[in-house]
Amino acid sequence: MKISYNWLKQFIKIDWKSEETSALLTDLGLEVEVVEKYQSIKGGLEGIVVGHVLTCVQHPDADRLKVTTVDLGLEHPVQIVCGAANVAAGQKVPVATIGTVLYDKNGESFTIKKGKIRGQESHGMICAEDELGLGTGHDGIMVLDEALKPGTPAAEVFNIENDEVFEIGLTPNRADAMSHLGTARDLRAGLLQSGVNVELITPSVSNFRVDMRTLKIDVNVEEPSLAPRYCGVTISGITINESPSWLQNRLKAIGITPKNNIVDVTNYVLHELGQPLHAFDASKINGKIIVKTLPAGTKFITLDDVERTLHQEDLMICDEKGPLCIAGVFGGKKSGVTDTTTSIFLESAYFNPVSVRKSAKRHQLNTDASFRFERGIDPSITAYALKRAALLIKEIAGGEITSDIVEIYQKKIEDFSVFLNFSHVSKIIGQEIPKDTIKKILVSLDIKVNSVSEAGLGLTIPAYRVDVQREIDVIEEILRVYGYNNINFSKKFNATVANSPRTEDYKVQNSIAAQLNSQGFHEMMANSLTTAAYANLSTLLKEEHNVTILNPLSNDLSVMRQSLLFSGLEAISYNVNRKNSDLKLFEFGKSYHKFLNGYEEHKHLTLFITGNRNKETWTNGLQSTDFFLLKGYVKGVISRLGIDKILNIPTQSDVFSEGAAIGYGHDTLVEMGVVKKSILKHFGIKQEVFYADFNWDLILKIITGKIKYTEIPKYPEVRRDLALLIDKNVTYDSIYNLAKQTEKSLLKDVNLFDVYEGKNLPEGKKSYALSFTIQDNTKTLTDAQIDKIMSKLQQNFETELGATLR
């Protein structure tokens with residue numbers, strides 16, 4: 001936001017340097033990022049002086065040049081060669097002296113130097129108006145008033161506007177400060193706190209009166225919730241022309257290009273008071289003004305010549321034949337002010353901020369008006385700003401006010417009531433501020449003190465302070481005006497050591513992240529916002545379970561993600577497309593779900609691996625990642641967490657072409673597998689991707705802070721092998737689980753170390769070679785005990801699984 005210092009001084013009479021003022025504004029929370037110089041004429045006519053042409057003779061060697069002697073108010077006159085046809089002795093003219101920097105029509109600079117033109121010395125340049133930036137004429141040199149004294153700086157003659165402009169990095173909550181009036185209000189509060197007594201001077205509208213009632217346009221607001229306050233007035237007999245220089249300079253200083261006197265006034269009042277206005281050509285309004293919404297699909301052409309398709313929630317300013325303007329956002333082409341306009345209907349309104357924000361985002365329009373409406377403007381100045389603009393239009397465009405102000409204000413927007421507790425102020429700020437100082441600060445911010453007690457203050461906050469509705473907001477206001485730099489810091493250093501359990505979420509995350517990092521994984525952080533279409537890639541996800549964003553930035557960021565899989569695949573696709581195809585990624589994140597009984601969040605840890613395991617070197621070739629590598633990483637995480645008593649269960653997810661799951665009790669701890677090719681195709685991924693999804697909420701429930709350990713057994717373990725011939729549909733899991741059920745105490749491990757399918761085996765059979773580790777922690781096992789266990793295992797395999805020894 002740009003604030004003109006000269007403009008600001010119209011509200012507050014202050015002679016501070018811009019550096020001091022910008023420092024105070026920054027302390028008040030209106031951070032001044034830069035202070036820029038503004039001059040109504042580039043260069044400020046520096047080096048240009050009034051010259052008196054003493055003599056003017058024909059150049060001896062050029063028909064179109066003349067040699068002049070010019071009095072510049074110095075000891076001796078100077079000789080200047082001039083090519084203008086109208087130069088003559090006795091004239092007072094503007095002269096660019098040696099060293100003066102001028103600017104051409106493209107803004108490029110050039111310096112006036114001493115030189116020779118066709119053999120004659122020239123010590124400056126007699127200027128035309130376009131060479132000085134004072135106009136576009138180049139028919140000849142400018143001839144000035146004869147009464148001017150030679151040597152007078154041209155800047156004094158032409159009244160150059162010199163200004164300083166504050167570029168303020170305004171935070172979104174400070175809607176009240178989005179104008180020169182709003183900035184002046186804050187500056188006044190800061191000055192009063194600094195001991196400088198100043199008054200806030202607001203433009204007077206006491207001269208507003210109706211000249212004649214000849215053009216009344218009725219107003220009907222059909223959507224009072226979207227347009228709580230609406231005012232309008234007609235002005236007739238105006239003449240569309242350029243704005244006066246003072247108005248143009250005000251707008252140019254803050255980066256606005258003047259258009260015509262009517263549009264310039266609306267822009268001026270917008271940046272002066274913070275109230276957006278809109279002027280309609282009254283002759284193009286059919287009947288009355290109607291503020292309403294229109295059916296979805298209605299076409300409307302805006303001022304930028306773009307045909308837009310309206311939404312059923314867009315609030316529109318219409319007449320009896322159709323739409324004229326998108327309320328609070330952008331005007332229509334057919335009802336706008338043109339060079340032939342002679343009467344206008346001037347609108348000033350307070351529109352619902354949410355409605356304006358949605359319409360602006362929906363149509364991708366970001367205007368000065370919508371920027372203010374969607375953050376919340378002051379509803380109390382709607383009529384005042386209308387009167388201010390009407391008086392300015394009469395002043396610079398002529399005309400007469402030809403109707404009473406039409407105002408629709410069905411339900412007044414009330415101020416906010418807050419009770420401020422003095423003890424809370426001291427507690428939050430960390431220092432006791434005198435009660436009189438607190439009251440003085442609040443009054444300087446237009447906050448009314450209704451009641452005073454020993455405990456605190458009963459306050460009324462003006463409605464335009466949409467960011468001050470709670471006690472803590474009031475305390476923040478007090479602190480920023482009192483000055484953060486005025487708060488004392490204790491010289492005593494206090495430290496607090498918190499006793500947090502080892503199983504606190506962030507600690508567990510850090511330990512697992514460190515483990516995965518050491519195994520070559522990189523942590524990723526994806527956006528929780530995603531596209532609604534991803535819910536269609538899995539039958540377990542449903543679009544009705546999407547948590548939708550009320551005001552999305554785009555369709556691709558319109559819902560909260562139901563799964564971390566798709567954001568991970570987006571990252572993989574991005575990397576693969578940039579020749580980085582060997583990836584190990586993990587992410588801690590949340591999924592979001594909407595159900596009939598409310599909303600839910602679930603935390604996850606996801607792993608992704610794809611491409612090759614390691615880089616190719618001369619000692620080992622390339623080896624692709626596979627499911628078993630992923631399973632190893634998953635088991636490593638579970639082991640690091642100290643979780644035992646896990647079960648291998650089938651996966652319920654349909655995102656895998658092949659997959660498995662690990663359960664804990666009746667819950668699924670982790671699902672893992674190979675992502676379906678149909679899903680990978682959606683992201684343009686042609687290589688296999690292996691994915692694991694941990695239920696992190698369940699993990700946090702079942703882990704404990706206790707460290708479990710067992711002594712190293714004193715007695716040896718024994719290994720026995722069996723080669724079993726089994727049906728092809730028998731899984732290793734079934735063998736493992738049956739073995740564990742057969743011998744629960746002494747069987748420590750079962751391992752599959754060879755699988756054979758092929759020649760010399762019966763049809764439909766396969767061979768598994770398994771090792772069994774047996775150990776007793778209290779004594780050495782005998783051969784008889786070992787044989788008994790192996791016989792029991794073999795018998796159960798034959799009975800339950802139909803296995804035979806090879």
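The lining of the second largest cavity consists, by class, of seven nonpolar, six polar and one charged residues. This briefing concerns a predicted model. A search of the whole structure finds three cavities of 30 Å³ or more, and the structure also holds 17 aromatic pairs. The points below cover cavities, pockets, aromatic rings and sheets.

**Cavities**

- Rolling a probe the size of a water molecule over the atoms reveals where empty space is left.
- The second largest cavity has a volume of about 70 Å³.
- Of the 14 residues that line the second largest cavity, Thr530, Tyr534, Arg561, Gln562 and Phe566 are the closest to its centre.
- Two elements, β31 (559–560) and α15 (565–576), give two or more residues to the lining of the second largest cavity.
- The largest cavity has a volume of about 120 Å³.
- The largest cavity is lined by 14 residues, and those closest to its centre are Ala175, Asp176, Leu273, Gly274 and Asp378.
- Seven nonpolar, three polar and four charged residues make up the lining of the largest cavity.

**The largest pocket**

- The largest pocket holds about 1,500 Å³ of space.
- Its lining comprises 42 residues, of which Lys635, Ile638, Ile643, Asp644 and Ile646 are the closest to the centre of the pocket.
- Helices and strands both contribute to this lining: α14 (505–518), α16 (627–640), β34 (647–649), β35 (656–664), α19 (732–742) and β39 (747–756) each supply at least two residues.
- Helix α16 provides the largest share of the lining of the largest pocket, namely seven residues.
- Sorted by class, the lining of the largest pocket has 23 nonpolar, eight polar and 11 charged residues.

**The second largest pocket**

- About 940 Å³ of space lies in the second largest pocket.
- Among the 35 residues lining the second largest pocket, Ser40, Ile41, Leu132, Gly133 and Leu134 are the closest to its centre.
- Strand β7 (101–103) and the helices α3 (129–132) and α6 (245–253) each supply at least two residues of the lining of the second largest pocket.
- Helix α6 makes the largest contribution to the lining of the second largest pocket, with six residues.
- The lining of the second largest pocket divides by class into 12 nonpolar, 14 polar and nine charged residues.

**Aromatic rings and charges**

- The structure contains 17 aromatic pairs.
- One of these pairs joins phenylalanine 280 and phenylalanine 345; the ring centres are 6.3 Å apart and the planes stand at 40°, so the pair is tilted.
- This pair links distant parts of the chain, since phenylalanine 280 lies in strand β15 (residues 277–281) and phenylalanine 345 in strand β22 (residues 343–350), 65 residues apart.
- Phenylalanine 280 and phenylalanine 345 are both buried.
- Phenylalanine 627 and phenylalanine 628 form an edge-to-face pair, with 5.6 Å from centre to centre and 75° between the planes.
- Phenylalanine 628 counts as exposed because its relative accessibility is 63%, and the cut-off for exposed is over 50%.
- Trp7, Trp246 and Tyr268 are linked into a cluster by ring pairs.
- Arginine 578 places its charged end over the ring of tyrosine 574, at 3.6 Å from the ring centre.
- Similarly, the charged end of arginine 719 sits over the ring of phenylalanine 753, 5.2 Å from its centre.

**Sheets**

- Strands of a sheet pair through backbone hydrogen bonds, in either a parallel or an antiparallel sense.
- One open sheet has three strands in the order β29-β31-β30, and their pairing is antiparallel.
- At the edges of this sheet stand β29 (529–530) and β30 (547–548); each has a single partner strand, so one side of each is left without a neighbour in the sheet.
- Strands β29 and β31 run antiparallel and are joined by two bridges.
- Leucine 529 stands opposite methionine 560, which belongs to β31.
- Another open sheet has five strands in the order β13-β16-β19-β20-β21, with mixed pairing.
- The edge strands of the five-stranded sheet are β13 (219–221) and β21 (330–331), and each pairs on one side only.
- Within the five-stranded sheet, strand β19 (residues 315–318) pairs with strand β20 (residues 323–326) in the antiparallel sense over three bridges.
- Cysteine 318 stands opposite proline 323 in β20.

Terms used: Residues are numbered from 1 along each chain as its sequence is written. This is a predicted model: local features need pLDDT of at least 70, side-chain atom pairs count only at pLDDT 80 or more; totals for chains, interfaces and linings use all residues. Side-chain values use heavy atoms; hydrogens and water are left out. On a 1 Å grid over the protein atoms alone, a cavity is a set of points where a 1.4 Å probe fits but cannot get out, and a pocket is an open set with protein on both sides within 12 Å along at least five of seven lines; lining residues have an atom within 4 Å of a point. Grid points are joined across faces, edges and corners, and a volume is the space filled by probe spheres set on the points. Helices (H or I, at least four residues) and strands (E, at least two) are DSSP runs, numbered from the N terminus. Ala, Val, Leu, Ile, Met, Phe, Trp, Tyr, Cys and Pro count as nonpolar, Asp, Glu, Lys and Arg as charged, and the others, Gly among them, as polar. Rings of Phe, Tyr and Trp (its six-membered ring) pair if their centres lie within 6.5 Å; planes under 30 degrees apart count as stacked, over 60 as edge-to-face and the rest as tilted. Buried means under 20% relative accessible area, exposed over 50%, partly exposed in between (1.4 Å probe, protein chains only). A charge sits over a ring if NZ of Lys or CZ of Arg is within 6 Å of the ring centre and within 35 degrees of the ring normal. Two strands pair if DSSP finds at least two bridges between them.
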